Amino acid sequence: GVVVRLGITVLRQSDVEWLSITGNWIKTLPLEHQNVVDYLCDAHLPAILMWLRKHCKNASELNVLGTVQVTIEALLNKIKHNDSPKAVEQAFAYACLWSLGAILSEQDALNLMAWWKKDFPLSSLTDS
């Protein structure tokens, strides 16, 4: 995560990598989805990657992130321009859960679902 000491921000190399990769990737998405996906990545990816580091020590964060990105792109192709941000949010949740769940044991996948439901209920964009 981000650490601030004496007014100096310190980032781990892995944080810089995913921030840079994600920022560049978002720019390639359809313009109508960029803001929602950017918000979702900022709101959720730090905690998701922290969970991954804690529970899947041998997993490659960049491989999981790449799978998330490809899955979101495929799902966004099915979302119409006038669909609500909730459709993009559901695609994001599905992509994250699919990408993480694919590398987990059955018990770890159940733990992931319990954690996700507690920390990231759907509709964070539309319940305000």
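This report describes the fold, one helix pair, an aromatic cluster and one loop residue of a predicted model.

**Overall fold**

The protein contains five helices and two strands, and along the sequence these elements follow the pattern β-β-α-α-α-α-α. Of its 128 residues, 35% count as buried, while the surface that the protein exposes amounts to about 7,800 Å², with carbon and sulfur atoms supplying 57% of that area. Among the contacts with a separation of 6 or more, 64% are accounted for by residues 24 or more positions apart.

The table gathers these whole-protein values.

| Property | Value |
|---|---|
| Residues counted as buried | 35% of 128 residues |
| Contacts between residues 24 or more positions apart | 64% of the contacts with a separation of 6 or more |
| Exposed area | about 7,800 Å² |
| Carbon and sulfur share of the exposed area | 57% |

**The packing of α2 and α4**

Helix α2, which spans residues 31-55, packs against helix α4, which spans residues 85-101, at an angle of about 30° and with 10 Å between the two axes. Because angles under 35 degrees count as roughly parallel, α2 and α4 are described as roughly parallel to each other. Their crossing is right-handed. On the α2 side the contact is made by His33, Val36, Val37, Leu40, Cys41, His44, Leu45, Ile48 and Leu52, and on the α4 side by Pro85, Val88, Glu89, Phe92, Cys96 and Leu100.

**The aromatic cluster**

Three aromatic pairs are found when the whole structure is searched. In one of them, the rings of Trp115 and Trp116 have centres 6.3 Å apart and planes at 70°, so this pair is edge-to-face. Both Trp115 and Trp116 are buried, and together with Trp51 they form one aromatic cluster.

**Leu104 in the loop before α5**

Leu104 lies in the loop between α4 and α5, the latter being residues 106-119. Is Leu104 buried or exposed? Its relative accessibility is 14%, and because buried means under 20%, Leu104 counts as buried. Leaving aside residues up to four places away in sequence, Leu104 touches Trp51, Cys56, Ala109 and Leu112; of these, Trp51 is also a member of the aromatic cluster with Trp115 and Trp116. Leu104 and Leu52 are separated by 52 residues in sequence and by 10.0 Å in space, C-alpha to C-alpha, and Leu52 is one of the α2 residues that make the contact with α4.

Conventions. Residues are numbered from 1 along each chain as its sequence is written. This is a predicted model: local features need pLDDT of at least 70, side-chain atom pairs count only at pLDDT 80 or more; totals for chains, interfaces and linings use all residues. Side-chain values use heavy atoms; hydrogens and water are left out. Helices (H or I, at least four residues) and strands (E, at least two) are DSSP runs, numbered from the N terminus. Buried means under 20% relative accessible area, exposed over 50%, partly exposed in between (1.4 Å probe, protein chains only). Contact means heavy atoms within 4.5 Å. Accessible areas come from the Shrake-Rupley method with a 1.4 Å probe; for residues, only the protein chains shown count as cover. Rings of Phe, Tyr and Trp (its six-membered ring) pair if their centres lie within 6.5 Å; planes under 30 degrees apart count as stacked, over 60 as edge-to-face and the rest as tilted. Axes are lines fitted to C-alpha atoms, for helices over the stretch in contact, and angles run from 0 to 180 degrees between N-to-C directions. Angles under 35 degrees count as roughly parallel, over 145 as roughly antiparallel, 65 to 115 as roughly perpendicular and the rest as oblique. A crossing is left-handed if the near helix is turned anticlockwise from the far one by less than a right angle, and right-handed if clockwise.
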